[in-house]
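Q: Please take a close look at the enclosed space inside this protein. I would like to know which residues surround it and what their character is.

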Amino acid sequence: MTTETVTDVFEEHRPVLMGVAYRMLGRVADAEDVVQEAWLRWSAADRTDVREPRGYLVRVTTRLAIDRLRQVQSRKEAYPGPWLPEPYVTEYGDIVPDTAERAVLADTVSLAVLVVLESLSPLERAVFVLREAFGYPYAEIAAMLDRAEPAVRQLAGRARKHVDERRPRYDVDPVERRELTERFLAAAAGGDLDDLMSLLAPDVRLVADSGGLAKAPVRVIESADKVGRFVYGASRQGIADATFRFMEINGGPALVVLSGGKVDSVFQLDVVDSRIQSIYLVRNPEKLLSLPVDE
């Protein structure tokens, strides 16, 4: 391959590699570091026997992500308050036109699923991501991870069972989620506590991630009364020079709050039976740097 061809091949597969790395790590910066390291290895490798560049690159990226995940796990254990994945823009556009494939990708990158994946071992997480998000056969996953196929099947079964048991079953209709997000914003911004409470499920949960670097609850808030009053009180305090934007983040609609043109926070809602079941709030400024803010 010429230098130009080597670069073109890598760039063709970069979105897939980033998708694998982000689902493994939950941080955009960590995922970008892994993909960059994969590029360095690809550009320096002897590619004579590489028949399937995508498989080769996914294998390298997955192994690098496993190593990085093992390094950062201790960092997460010392994290102040709840930990949420970094918001990740997933506006697939024409890249993923198939509805079924888009739904799978959106589900496996959702905040609810990524939070559950945090409790898997690095190998279980890798197998789950490669199998469930990208549909790799067990034999190929086994080759990528240098494991026997029966062992990979066992890892996959254990990971799937774990995720199914712990993942909340939410509606995934993006239109309904967008509509409820807009109504949530209107009720909160308008200071209408009754309207806000009418949107919440009785057992709604609010999970906030500030990393100790911004004002946010340090524990999960549960019940419609407590969540509603918290959101109402926070909206009454207000944010200086606030503007709002809707974006597709982690496979679904999200509300991005800006203060003076800079991202202040991200809200994302999960919905069950036309009620808000979970509210995820990310305020850690280090996790908001990658979000685009230009009009």
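A: In this predicted model, the lining of the largest cavity is mixed in character, since its residues divide into three nonpolar, three polar and two charged. The residues that line the largest cavity are Ser110, Leu111, Ala112, Arg177, Asn250, Gln268, Asp270 and Tyr280. Taken by class, the nonpolar members are Leu111, Ala112 and Tyr280, the polar ones are Ser110, Asn250 and Gln268, and the charged ones are Arg177 and Asp270.

As for where the lining comes from, helix α5 (111-117) and strand β5 (262-272) each supply at least two of its residues. Leu111 and Ala112 fall within the span of α5, while Gln268 and Asp270 fall within that of β5.

The space enclosed in the largest cavity is about 40 Å³, and the count of cavities of 30 Å³ or more comes to one.

For a contrast in residue character, one may turn to a helix pair. Helix α6 (residues 122-133) and helix α7 (residues 138-145) pack at an angle of about 140°, with their axes 10 Å apart, and the two helices are therefore oblique to each other. The crossing of α6 past α7 is right-handed. On the α6 side the contact is made by Leu123, Ala126, Val127, Leu130 and Arg131, and on the α7 side by Tyr138, Ile141, Met144 and Leu145. The residues of this contact divide into eight nonpolar, no polar and one charged, whereas the lining of the largest cavity includes three polar residues and two charged ones.

How values were computed
Residues are numbered from 1 along each chain as its sequence is written. This is a predicted model: local features need pLDDT of at least 70, side-chain atom pairs count only at pLDDT 80 or more; totals for chains, interfaces and linings use all residues. Side-chain values use heavy atoms; hydrogens and water are left out. Axes are lines fitted to C-alpha atoms, for helices over the stretch in contact, and angles run from 0 to 180 degrees between N-to-C directions. Helices (H or I, at least four residues) and strands (E, at least two) are DSSP runs, numbered from the N terminus. Angles under 35 degrees count as roughly parallel, over 145 as roughly antiparallel, 65 to 115 as roughly perpendicular and the rest as oblique. A crossing is left-handed if the near helix is turned anticlockwise from the far one by less than a right angle, and right-handed if clockwise. Contact means heavy atoms within 4.5 Å. On a 1 Å grid over the protein atoms alone, a cavity is a set of points where a 1.4 Å probe fits but cannot get out, and a pocket is an open set with protein on both sides within 12 Å along at least five of seven lines; lining residues have an atom within 4 Å of a point. Grid points are joined across faces, edges and corners, and a volume is the space filled by probe spheres set on the points.
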